[in-house]
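Thanks for making the time this morning. I would like to walk through one structure with you, starting from a single residue and working outwards from there.

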Amino acid sequence: MTSQILDRFQPYSIYELADWTVNELKQASDELESSSPELILRWGFENFTPDIVLATGFGPEGIVLMHMASEIRPEAKVFYLDTDLLFPETYFLTALQQGRYTMLIHTAQCGSHVPIFDAIFVQDSIIRGEQI
């Protein structure tokens, strides 16, 4: 599944970043160290579009970053990992965000591991003598 995610977003390899010298990377790092999140996002979009992708788990920080990114680059790409174990509220929030922004929000499915998780959880609980 990981290769499908990587193929879809085509992230930079170390060889593609070879155009950046160590000094340039250090300078960028130093300049961005105390910068605002908006400035860091803007720098990322300016330097890595169209290949930059924002990852989110739909927590408070992720929602704020999505909002900032949408103001800087409305066509930004976002992805989240759906483990099939997310809370219903997360799916609701995902749908809300997809309706709110023009950015592309992709779901990276990792396949259903719920039966495996249940089997391990039940077995582990039984071994510890816990009631399920």
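Leu 65 sits in helix α4, and since this is a predicted model, please take everything I say about this residue and the others as computed from that model. With a relative accessibility of 30%, Leu 65 counts as partly exposed, because that value falls between the 20% below which a residue is called buried and the 50% above which it is called exposed. If we set aside the neighbours within four places in sequence, Leu 65 is in contact with Pro 37, Leu 41 and Leu 54. Glu 38 is 27 residues away from Leu 65 in sequence, and yet the C-alpha to C-alpha distance between the two is 8.3 Å.

That leads to the pair of helices involved. On the α3 side we have Pro 37, Glu 38, Leu 41, Arg 42 and Phe 45, and these meet Leu 65, Met 68, Ala 69 and Ile 72 on the α4 side. For the geometry, two packed helices are described by the angle between their axes and by the distance between those axes. Here the axes of α3 and α4 come within 10 Å and cross at roughly 55 degrees. That makes α3 oblique to α4, because the angle lies between the limit of 35 degrees for roughly parallel and the 65 degrees where roughly perpendicular begins. As for the hand, the crossing of α3 and α4 is right-handed.

Let me move on to the core. In soluble globular proteins, nonpolar side chains tend to be buried together. The largest nonpolar core in this model has 15 residues, and those with the most contacts inside it are Met 66, Met 103 and Ile 105. Two or more residues of this core come from each of α3, which spans 37-48, α4, which spans 60-72, and β2, which spans 77-82; α4 gives the most, with five residues. Which residues does Met 66 touch, not counting those up to four places away in sequence? They are Leu 54, Thr 56, Phe 58, Val 78, Gln 97, Tyr 101, Met 103 and Ile 105.

Tyr 80, in strand β2, is worth following next. Its relative accessible area is 6%, so Tyr 80 is buried, the cut-off being 20%. Not counting residues up to four places away in sequence, Tyr 80 touches Thr 56, Phe 58, Leu 86, Thr 94, Ile 105, His 106, Thr 107 and Ala 108. The C-alpha atoms of Tyr 80 and Thr 56 are separated by 5.3 Å, although the two residues are 24 apart along the chain.

Now for some backbone details, which I would suggest you look at in the viewer. Phe 58, which we have just met as a contact of Tyr 80, has a positive phi of about 65 degrees although it is not a glycine. Phe 58 is placed in the loop between β1 and α4, and at 7% relative accessibility it counts as buried. Asp 84 also is not a glycine and has a positive phi of about 65 degrees, and it lies in the loop between β2 and α5, the helix that spans 88-100. Is Asp 84 buried or partly exposed? With a relative accessible area of 29%, Asp 84 is partly exposed. Finally, the peptide bond from Thr 49 to Pro 50 is cis, with omega near 15 degrees, and Pro 50 belongs to the loop between α3 and β1, the strand at 53-55.

Let me end with the protein as a whole. There are six helices and three strands, and along the sequence they follow the pattern α-α-α-β-α-β-α-β-α. Of the 132 residues, 23% count as buried, and the protein exposes about 9300 Å², of which carbon and sulfur atoms supply 61%. Among contacts with a separation of 6 or more, 74% are accounted for by residues 24 or more positions apart, and the pair of Tyr 80 and Thr 56, 24 residues apart along the chain, is the example I would leave on the screen.

Key: Residues numbered from 1 in each chain as written. Predicted model: local features only at pLDDT ≥ 70, side-chain atom pairs only at ≥ 80, totals over all residues. Heavy atoms only, no water. Core = buried A, V, L, I, M, F, W, Y, C linked by side-chain atoms within 4.5 Å. Buried < 20%, exposed > 50% of the residue type's maximum accessible area, 1.4 Å probe, protein only. Helix = DSSP H or I, 4+ residues; strand = E, 2+ residues; numbered from the N terminus. Contact = heavy atoms within 4.5 Å. Areas by Shrake-Rupley, 256 points an atom, 1.4 Å probe, with all protein chains shown as cover. Axes fitted to C-alpha atoms, helices over the stretch in contact; angles between N-to-C directions. Parallel < 35°, antiparallel > 145°, perpendicular 65-115°, else oblique. Left-handed = near helix turned anticlockwise from the far one by under 90°.
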